[in-house]
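Welcome, and thanks for taking a look at this one. Here is a short briefing, grouped by topic, to read alongside the viewer.

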Amino acid sequence: MRQIAEYLYIKKKDPNTPETKWLKYMHGINRISILMFLFALIFLFIKLVFLKK
């Protein structure tokens with residue numbers, strides 16, 4: 001849960017954790033996928049609530 005909070009910029013990163021180039025790439029990809037998932041949920045919610053026929 002702490003890691004997700006860090007991805008969404010809710011919680012600050014621990015300055016004592018080691019950072020490598022590949023770890024930064026992995027965290028960047030994870031951040032993109034979480035944000036895309038949240039965008040899709042918001043899109044589906046709007047589509048279901050406001051675009052009923």
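A residue is called buried under 20% relative accessible area, exposed over 50%, and partly exposed in between. By that rule Tyr25, with a relative accessible area of 44%, is partly exposed. Please keep in mind that this is a predicted model. The protein chain holds 2 helices and 0 strands, and its radius of gyration is 15 Å, well over the 10 Å that the globule rule gives for 53 residues, so the chain is more spread out than a compact globule.

**Overall shape and surface**

- Along the principal axes, the C-alpha atoms of the protein chain fill a box of roughly 55 × 20 × 10 Å.
- Of the 53 residues in the protein chain, 9% are buried.
- The accessible surface of the protein chain amounts to about 5,200 Å², and carbon and sulfur atoms account for 73% of that surface.
- Helix α1 covers residues 2-7, while helix α2 covers residues 21-50.

**The aromatic pair**

- How many aromatic pairs does a search of the whole structure find? The search finds 1.
- The ring centres of Trp22 and Tyr25 are 5.3 Å apart and the ring planes stand at 75°, so this pair is edge-to-face. The step behind that label is the cut-off on the planes, since an angle over 60 degrees counts as edge-to-face.
- Both partners belong to helix α2, where Trp22 and Tyr25 sit 3 residues apart, about one turn of the helix.
- Is Trp22 buried or exposed? Trp22 is exposed, because its relative accessible area is 62%, over the 50% cut-off.
- Its partner Tyr25 has a relative accessible area of 44% and is therefore partly exposed.

**Buried residues of helix α2**

- His27 is placed in helix α2 and has a relative accessible area of 16%, so this residue counts as buried.
- Which residues does His27 contact, once its neighbours within four places in sequence are left aside? They are Gln3 and Tyr7.
- Arg31 is another residue of helix α2, and its relative accessibility of 18% means that Arg31 counts as buried.
- With neighbours within four places in sequence again set aside, Arg31 is in contact with Glu6, Tyr7 and Tyr9.
- Tyr7 therefore appears in the contact list of His27 and in that of Arg31.

**Helix α1 and the loop that follows**

- Arg2 lies in helix α1 and is partly exposed, with a relative accessible area of 43%.
- Lys11 has its place in the loop between α1 and α2, and at 43% relative accessibility Lys11 counts as partly exposed.
- Beyond its neighbours within four places in sequence, Lys11 is in contact with Arg2, Ala5 and Glu6.
- Glu6 is thus a contact of Lys11 and a contact of Arg31.
- Lys12 is also found in the loop between α1 and α2, and its relative accessibility of 74% makes Lys12 exposed.
- How far apart are the C-alpha atoms of Arg2 and Lys12, which are 10 residues apart along the chain? The separation is 9.5 Å.
- Lys12 and Ile32 are 20 residues apart in sequence, and their C-alpha atoms are 18 Å apart in space.

**A nonpolar surface patch**

- Which residues make the nonpolar surface patch of about 750 Å²? The patch is made by Ile42, Phe45, Ile46, Leu48, Val49, Phe50 and Leu51.
- Ile42, one of the patch residues, lies in helix α2.

Conventions:
Residues numbered from 1 in each chain as written. Predicted model: local features only at pLDDT ≥ 70, side-chain atom pairs only at ≥ 80, totals over all residues. Heavy atoms only, no water. Phe/Tyr/Trp six-rings, centres within 6.5 Å; stacked < 30°, edge-to-face > 60°. Helix = DSSP H or I, 4+ residues; strand = E, 2+ residues; numbered from the N terminus. Buried < 20%, exposed > 50% of the residue type's maximum accessible area, 1.4 Å probe, protein only. Patch = residues over 30% accessible without salt bridge, like charges linked within 9 Å, V, L, I, M, F, W, Y side chains within 5 Å. Areas by Shrake-Rupley, 256 points an atom, 1.4 Å probe, with all protein chains shown as cover. Salt bridge = Lys/Arg side-chain N within 4 Å of Asp/Glu carboxyl O. Contact = heavy atoms within 4.5 Å. Rg over C-alpha atoms; globule rule 2.2 N^0.38 Å.
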